[in-house]
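Here are a few short exercises to work through with the model open beside you. Try each task before you read its solution.

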Amino acid sequence: MIQKILAMLMAFFMLASTVSWTIEKHYCFGSLVDIAFFHEADTCGMDVGLVNATFDKKGNPCCALEVITIPGQDDLKISYHDIDLGHQLFLVAYVAYHISLFQPKAQPLVPHADYPPPILVKDIHILDQVFLI
């Protein structure tokens with residue numbers, strides 16, 4: 001059970017580390033209007049010409065777009081030749097041992113498996129009134 005939980009946790013961490021994350025925040029007049037993950041944030045609905053021409057009291061444009069991008073990991077391929085000799089020997093021995101665990105075991109020979117037991121017509125123990133105590 002613990003192995004399954006750890007495997008799922010490791011798979012989730014692998015997925016989270018390889019995906020690129022993008023967060024966009026759209027501000028209008030200093031207040032946050034929209035936050036978007038993986039796509040573009042919605043604007044406040046002002047026309048593009050008005051956005052460029054409208055400034056607040058400090059001279060900043062009324063709308064601002066903040067984009068935070070976290071790049072994912074894309075170099076996951078490890079070459080077998082990059083591993084030193086000791087680790088290569090351990091890896092080969094480990095894989096060979098675990099492959100041998102999945103070999104089918106020989107079934108024991110049962111000589112009377114093809115012969116069914118005789119059909120009892122009468123129960124001899126009841127007829128002779130012999131019971132094990």
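**Exercise 1. Find out how much surface the protein has and how little or much of the chain is buried.**

Solution. Start with the accessible surface, computed by the Shrake-Rupley method with a 1.4 Å probe, where for residues only the protein chains shown count as cover. The total is about 12,500 Å², and carbon and sulfur atoms hold 67% of that. Next, take buried as under 20% relative accessible area, exposed as over 50%, and partly exposed as in between (1.4 Å probe, protein chains only). By this cut-off, 8% of the 133 residues are buried.

A word on the ground rules: this is a predicted model, with pLDDT of at least 70 needed for local features and 80 or more for side-chain atom pairs, while totals for chains, interfaces and linings use all residues. Residues are numbered from 1 along each chain as its sequence is written, and side-chain values use heavy atoms, leaving out hydrogens and water.

**Exercise 2. Write down the order of helices and strands.**

Solution. Helices (H or I, at least four residues) and strands (E, at least two) are DSSP runs numbered from the N terminus. Counting them gives four helices and three strands, and their order is α-β-β-α-β-α-α.

**Exercise 3. Locate the nonpolar patch and place F38.**

Solution. Patch members have over 30% relative accessible area and no salt bridge, with nonpolar side chains (Val, Leu, Ile, Met, Phe, Trp, Tyr) joined within 5 Å and like charges within 9 Å. A salt bridge puts a side-chain nitrogen of Lys or Arg within 4 Å of a carboxyl oxygen of Asp or Glu. W21, L32, I35, F37, F38, I68 and I70 form a nonpolar patch of about 650 Å². Two or more residues each come from β2 (31-37) and β3 (63-70), and β2 gives the largest share, three residues. F38 lies in the loop between β2 and α2 (48-53), and F38 counts as exposed because its relative accessibility is 52%.
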